[in-house]
Amino acid sequence: MQAYVGIDVHRRSQIAVTDEGGKIAVNRNVPNGRETVLGVIGDLPVGTPVAFEAAFGWGRLIELLQDYGFEAHMAHPLQCKAIASARLKNDKVDAATLAHLLRADLLPEAWIAPLLLREQRAVLRHRAQLVRLRTLLRNRIHAVLAHHGCDRASSCWSAPGRAWLDELPLPETSRHVVADLLEMIDALQQVIDRTDAGLAATARTDPRVKALTALPGVGRLTAQIIVAEVGDISRFPSARKLASWAGLTPTVRGSDRTVLYGHISKQGDPWLRWIMNEAAQTAKRSPQFAAHYEQIAHRRGKKIATIAIARKLLTHAYHLLRDVEAARRPKEPCTSA
């Protein structure tokens with residue numbers, strides 16, 4: 001008899017098992033772990049479908065399910081209306097609802113990236129977080145300097161800038177704060193440099209990265225983030241679908257003959273949306289996009305114009321990735337009549 005499994009993933013996960021008629025056979029809360037999860041579903045046949053939301057710790061769960069031959073289905077959390085709008089909402093209900101949606105073939109599924117791609121994303125996101133932390137520390141130094149009326153037109157982080165910092169007549173406490181922050185920045189920079197070396201080695205063998213760096217505002221790291229976040233480009237039938245997945249398309253409210261367009265949805269991959277906006281800051285000044293940017297900025301403002309350039313840049317990236325994929329696809333042999 002066919003079984004269907006729904007798992008509400010938390011630090012302690014709720015696991016519900018239904019039969020093909022929809023009857024709940026098991027609905028149990030267990031600690032996360034291979035033995036505890038298999039203690040509930042381990043006796044089910046290989047290929048049994050299992051549904052879970054893209055929540056905290058889902059990567060570990062996917063590996064467990066795939067290792068033991070279960071069919072993993074990751075639900076899109078924003079599209080699970082049956083869970084979000086339920087009057088009675090708790091872990092037992094959520095797990096059972098996931099199992100019922102899977103049984104009825106109504107589960108809104110999200111794409112499960114392969115393990116290698118998930119690891120590549122993890123490295124690139126880790127690198128981005130390190131840079132954000134470095135920026136936070138630098139801003140803290142700027143705040144200390146501003147408190148004492150010190151300013152420097154050029155960078156404080158070059159060799160001349162660091163020498164300038166050492167010579168500042170700061171009070172003893174502020175001097176210690178700046179020295180501690182500089183020590184943390186130097187330690188952090190070593191980790192960033194080590195991560196960059198590994199990423200540079202990976203980029204050299206990826207033709208998609210080389211193709212994307214032809215776009216204005218897109219360097220090697222930006223191209224690697226785009227490739228890692230997008231994954232398999234063939235899953236997007238059009239550039240508009242990709243832009244929507246990145247949350248760069250406007251919200252639409254329509255009724256009868258009235259259609260209202262709002263701000264971008266911001267419902268999608270936040271990392272892809274972030275890196276496209278970063279790239280747009282440079283691309284909007286390039287000859288390829290400058291005229292389009294100025295035209296929109298004059299009518300709608302600079303922020304909306306920058307978002308428009310980010311979407312246009314992503315559209316160009318989509319077509320480049322499709323071209324690279326087509327070139328890598330093996331050609332069918334020609335047959336003569």
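Guide: Strands here are DSSP runs of type E with at least two residues, numbered from the N terminus. The model is predicted.

Visitor: Which strand holds Y261?

Guide: Y261 has a place in a strand that covers residues 258-264. That strand is β8.

Visitor: Is Y261 buried or exposed?

Guide: A residue counts as exposed when its relative accessible area is over 50%. Y261 has a value of 60%. Y261 is therefore exposed.

Visitor: Which residues make the nonpolar surface patch of about 310 Å²?

Guide: Y261 is one of the residues in this patch. Complete with its partners, the patch is made by Y261, V259 and V252.

Visitor: What does the UniProt annotation say about residues 210-294?

Guide: An unreviewed UniProt entry gives a domain annotation for residues 210-294. In the model, this stretch is 47% helix and 15% strand, with its end C-alpha atoms 29 Å apart. The name in the record is "Transposase IS116/IS110/IS902 C-terminal".

Visitor: How many salt bridges does the structure hold?

Guide: One of them joins the side chains of R162 and D186, at 2.9 Å from N to O. Here R162 lies in helix α6 and D186 in helix α7, 24 residues apart. The structure's number of salt bridges is seven.

Visitor: R118 forms a salt bridge with E63; how far apart are the closest N and O atoms?

Guide: The partners differ in cover: R118 is buried at 13% relative accessibility, while E63 is partly exposed at 35%. Between R118 and E63, the closest N and O atoms are apart by 4.0 Å.

Visitor: Why does the pair of R118 and E63 tie together parts that are apart in sequence?

Guide: E63 and R118 form a salt bridge. E63 lies in helix α2, residues 58-67, and R118 lies in helix α5, so the pair ties together parts whose separation in sequence is 55 residues.

Visitor: R125 forms a salt bridge with which residue?

Guide: The closest N and O atoms of this pair are 2.8 Å apart. R125 is in helix α5, and its partner is in helix α9, 104 residues apart. R125 counts as partly exposed at 26% relative accessibility, whereas the partner is buried at 1%. That partner is E229.

Visitor: Is R127 buried or exposed?

Guide: R127 is found in helix α5, which covers residues 115-147. Beyond its neighbours up to four places away in sequence, R127 touches I192, T195, D196, L199 and L221. Its relative accessible area is 19%, and the cut-off is under 20%. R127 is therefore buried.

Methods
Residues numbered from 1 in each chain as written. Predicted model: local features only at pLDDT ≥ 70, side-chain atom pairs only at ≥ 80, totals over all residues. Heavy atoms only, no water. UniProt positions renumbered as here; feature names shortened; annotations may be inferred. Helix = DSSP H or I, 4+ residues; strand = E, 2+ residues; numbered from the N terminus. Patch = residues over 30% accessible without salt bridge, like charges linked within 9 Å, V, L, I, M, F, W, Y side chains within 5 Å. Areas by Shrake-Rupley, 256 points an atom, 1.4 Å probe, with all protein chains shown as cover. Buried < 20%, exposed > 50% of the residue type's maximum accessible area, 1.4 Å probe, protein only. Contact = heavy atoms within 4.5 Å.
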